[in-house]
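Please open the model in a viewer and keep the sequence panel visible. The tour below proceeds selection by selection.

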Amino acid sequence: MANTKTILFLLCLFPLPAIAQQLNNVLSSPPHLLPATYNIKGDGLILPFKAYYNGDDSTVYYFLFIAGVCKGNYFSKRTLRVSFLPVQTQPVIAKEPAVLHTGPTLHGNINYDFFYRSVVDTPHAGANIMQHSLRVNIHAMLKKVLPVAVHIQTRHSNSPLFKNYTDATIAFNGQTFQSALKENLKAEITERINRKGPDRLLHDELQKKYALQQQLAQWLQDGRQVQQLADNRQAVAAITGNGDISEYSKAMPEERINAYLQNTMQNALIHKGEHADHTRWMHKGAALSGKAKQIAALKNQGTFSSTRNVMNDKQKKAIDYLKAYIAKKEKYKQVSEEVKQWEEKYIKAKALTRLATDSARQLVDATTDPAVLQAQAKKYGLDSNKIYKRVKQLMAITKIAVGRSSIDYAELTAKNISVTGVNIEYNSCFYYAVAAGTVDYRYRDFIANRNGNIKQYLMLVRIGMGKKEGNNLIFTLYRGRKQVQGFTNTHQPLTNRVLGISVEGRYYFNKHTYVLAELAKSSYPQYHSLQNSVGGALKKSALSDRSNEAYAIQFFSGIPATGTRIYGQYKRIGLNFQSFTVFNYNAQYAAWQVSADQFLFKRKLFISAVVKNNAYHSPYTIYNYKSNTIFKSIQATLHIKKWPVVTAGYMPSSQLSKVGNEMMETRFNMAMVTVSYTYRLKQYYLFTTAMYTRFFNRQEQQRFVYYNARTWMISHSVTGNRLRFSSSVAVSYSTGYRLTTADEGLSCRLNKWLNAGFGLKWNRMNPYSNRLGYYGNVQAKLAKPGGISIAFERGFLPGLSQTLLPNDMARIVYSKTF
């Protein structure tokens with residue numbers, strides 16, 4: 001584009017050489033006003049015509065047309081590249097750093113799940129089972145540091161085994177509060193340090209330097225200044241013969257011109273008797289515009305210092321402009337040097353501020369002591385905030401929950417159960433906990449019919465010294481009502497009133513090793529046999545009787561250097577001991593467990609092993625049971641870079657079944673080996689998995705039809721930009737049956753918010769039954785309405801007569817985050 005503009009400009013200037021020729025004919029004598037230049041031989045007069053054209057922001061085209069007396073017309077073109085001045089971009093420096101907020105004031109999610117299954121085979125036969133579940137989670141941050149969570153959950157089903165319910169919880173979590181408090185404190189400390197840091201004192205002055213530097217640079221690079229500089233430089237060049245002003249910084253233009261003119265006048269007068277030299281020097285000084293007589297007069301008067309008087313107005317203005325331009329340029333250089341100096345000071349001050357900020361933030365992150373946080377708040381003038389004034393009390397609140405919440409206190413009192421009521425924990429130097437509410441043991445829904453269950457409740461108080469997760473000594477008092485085996489004469493479930501006390505202590509040998517011991521004693525069961533009676537009266541408690549006592553001890557140790565973790569436990573439960581985590585009935589037993597985790601070969605191999613006895617202790621069953629069976633479990637995972645991941649395990653498993661009104665749980669062992677590999681081929685990602693499983697059980701165990709089964713499976717998937725192909729083949733067999741399935745599926749990303757997939761699944765049961773199933777799914781992800789997923793499947797289950805029975809499943813899931 002610039003070249004096109006140049007050509008058009010030249011076409012407009014074509015008549016100018018002729019005009020210059022005519023002017024040369026007229027001006028055969030030395031010119032008076034026009035800036036003329038003579039060739040060095042002095043045998044001809046040439047008249048230049050100059051023009052400038054700005055091609056772009058950094059290019060100026062300079063044209064010179066010369067009409068010569070003897071040599072004809074000449075054309076000359078020069079391209080001047082105007083370099084941008086080295087102006088450093090002004091960095092963005094926030095005057096008031098924003099405080100980092102811990103999160104939005106209100107956020108949460110909604111999740112709805114509908115599930116349908118035409119046939120349920122375990123643990124209880126059923127048909128056309130439908131279940132609706134809805135969960136709403138709302139998280140609010142009060143005063144940017146106090147977290148409050150609201151959870152609402154409801155479930156409705158047409159199954160006779162599970163009761164419908166609606167739960168709600170309002171909770172304050174101490175761990176979340178501590179995290180939010182630390183983040184807010186770090187943000188405010190950072191803001192205070194940045195505001196009063198040494199770099200802030202240099203900020204304003206550096207900003208002024210940047211503004212002045214930018215102002216000078218813009219003036220020097222302005223297109224009008226570039227044009228004016230070229231014009232005035234040419235005017236000076238007519239006097240000195242040199243238009244380069246790069247050396248003018250050493251001596252001002254006026255001094256250089258004065259010296260040049262004085263030299264010119266002196267040579268002109270000295271050689272006035274020699275025609276050739278006189279002509280050469282007069283031609284050279286023709287720019288004095290015919291003022292040779294005035295120069296001679298000044299020479300005779302000895303006023304060489306007044307040579308400015310012999311220059312015309314244009315030449316004087318040119319010198320004045322060059323002086324101003326050079327002054328600006330020198331000022332720019334001076335300011336640029338000052339900017340560099342101030343930047344070095346600012347960088348050093350900023351480093352000191354950053355060091356102070358990092359030290360304060362690291363101190364806040366590393367501590368859990370409220371006194372340290374309070375001292376930091378006071379140090380930086382934040383102690384006027386009410387939150388920081390009460391930080392010690394607020395950080396001591398571990399939990400406050402109203403509604404349904406989880407209880408996880410002690411092994412022998414209440415552990416891993418849920419209570420609908422109030423649950424509060426407070427731990428400063430002393431430890432306090434209060435829990436009260438109803439208990440329904442919802443995970444036992446299959447053996448507690450919705451119409452037959454009764455109200456159970458728990459009240460618990462804990463008082464102790466020390467930190468819950470540190471060295472401590474805690475006393476627990478609990479009481480309540482708990483359902484037990486059997487029914488009354490009116491066919492109502494039997495209940496026991498439970499009253500007990502326990503003491504537990506934890507002691508740390510070092511940072512990674514501790515021991516936890518607990519001793520508990522409870523009241524006797526209400527419907528206990530007469531052997532616990534004295535004189536016909538039921539014994540409520542007796543210090544000398546050990547049948548209503550329980551003991552437990554736990555040991556944990558970790559060795560970070562070797563990646564080792566060790567855990568051991570031993571507990572003894574008395575015949576008449578009662579609590580809300582012990583489900584034995586009229587059975588005394590002792591149990592032990594040892595487990596270890598170990599990393600090997602630079603954390604490439606992970607091994608986890610467990611050995612335990614008398615582990616047949618299940619909340620699902622209420623039968624008397626005592627076993628000396630030793631259960632063994634071992635799992636290993638090998639993960640080497642660029643190699644398949646191998647996982648193998650041998651572990652106990654269980655099967656629940658309900659026959660009539662009886663719930664039975666059978667335990668057996670199983671082995672599993674999985675090999676998976678993820679790799680890339682061009683733009684495709686591939687994932688391959690091979691798996692082998694085996695169940696070690698017998699036909700006599702709870703009427704298993706398919707026992708001692710083995711399964712081999714291999715699956716493969718290819719994922720591209722929009723499509724994903726998946727294939728799998730599985731073979732399962734045991735005595736009397738062989739089931740083969742083959743699956744082929746395709747999923748497609750139709751656009752940014754819509755995915756869809758479908759597939760076929762072939763099933764073959766022994767050589768007699770062949771059935772073809774199918775499945776499909778659709779997922780839509782929309783920002784404002786939320787996401788919805790719909791899936792369905794026509795599958796088949798092995799039947800008792802070694803045939804395949806149809807089983808339809810469908811699921812609809814809706815989720816929304818706000």
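Select helix 3 (residues 174-196) together with helix 9 (residues 313-366); the crossing of helix 3 and helix 9 is right-handed, a crossing being right-handed if the near helix is turned clockwise from the far one by less than a right angle, and left-handed if anticlockwise. Helices (H or I, at least four residues) and strands (E, at least two) are DSSP runs, numbered from the N terminus. The model is predicted: local features need pLDDT of at least 70, side-chain atom pairs count only at pLDDT 80 or more, and totals for chains, interfaces and linings use all residues. Residues are numbered from 1 along each chain as its sequence is written, and side-chain values use heavy atoms, with hydrogens and water left out.

Two packed helices are described by the angle between their axes and the distance between the axes. For helix 3 and helix 9, the angle is about 160° and the axes are 10 Å apart. Axes here are lines fitted to C-alpha atoms, for helices over the stretch in contact, and angles run from 0 to 180 degrees between N-to-C directions. Helix 3 is therefore roughly antiparallel to helix 9 (angles under 35 degrees count as roughly parallel, over 145 as roughly antiparallel, 65 to 115 as roughly perpendicular and the rest as oblique).

Next, display the side chains of this contact, where contact means heavy atoms within 4.5 Å. On helix 3, select Lys182, Leu185, Lys186, Ala187, Ile189, Thr190, Ile193 and Asn194; on helix 9, select Thr353, Ala356, Thr357, Ala360, Arg361, Val364 and Asp365. The residues of the contact of helix 3 with helix 9 comprise seven nonpolar, four polar and four charged (Ala, Val, Leu, Ile, Met, Phe, Trp, Tyr, Cys and Pro count as nonpolar, Asp, Glu, Lys and Arg as charged, and the others, Gly among them, as polar).

Keep helix 3 selected and add helix 4 (residues 198-221): their axes come within 4 Å and cross at roughly 55°. This makes helix 3 oblique to helix 4. Asn194, Arg195 and Lys196 of helix 3 meet Pro198, Asp199 and Arg200 of helix 4. The contact of helix 3 with helix 4 has one nonpolar, one polar and four charged residues.

Move to strand 13 (residues 472-487) and select Arg481. Is Arg481 buried, partly exposed or exposed? At 27% relative accessibility, Arg481 is partly exposed (buried means under 20% relative accessible area, exposed over 50%, partly exposed in between, with a 1.4 Å probe and protein chains only). Not counting residues up to four places away in sequence, Arg481 touches Lys455, Gln456, Tyr457, Thr495, Asn496, Arg497 and Phe580. From Arg481 to Ile454 the C-alpha distance is 9.8 Å, with their positions 27 residues apart in sequence.

Two loop residues follow. Most residues other than glycine have a negative phi. Arg603, in the loop between strand 20 (589-600) and strand 21 (605-613), has a positive phi near 65° and is exposed, at 55% relative accessible area. Lys642, in the loop between strand 22 (630-638) and strand 23 (645-659), has a positive phi of about 70° and is exposed, at 71%.

Finally, select the cysteines Cys429 and Cys748. Cys429 is exposed, with a relative accessible area of 56%, whereas Cys748 is partly exposed at 22%. A search of the whole structure finds zero disulfides (a disulfide being a pair of cysteine sulfur atoms within 2.5 Å).

Zoom out to the full chain, which has 12 helices and 32 strands. Of its 818 residues, 38% count as buried.
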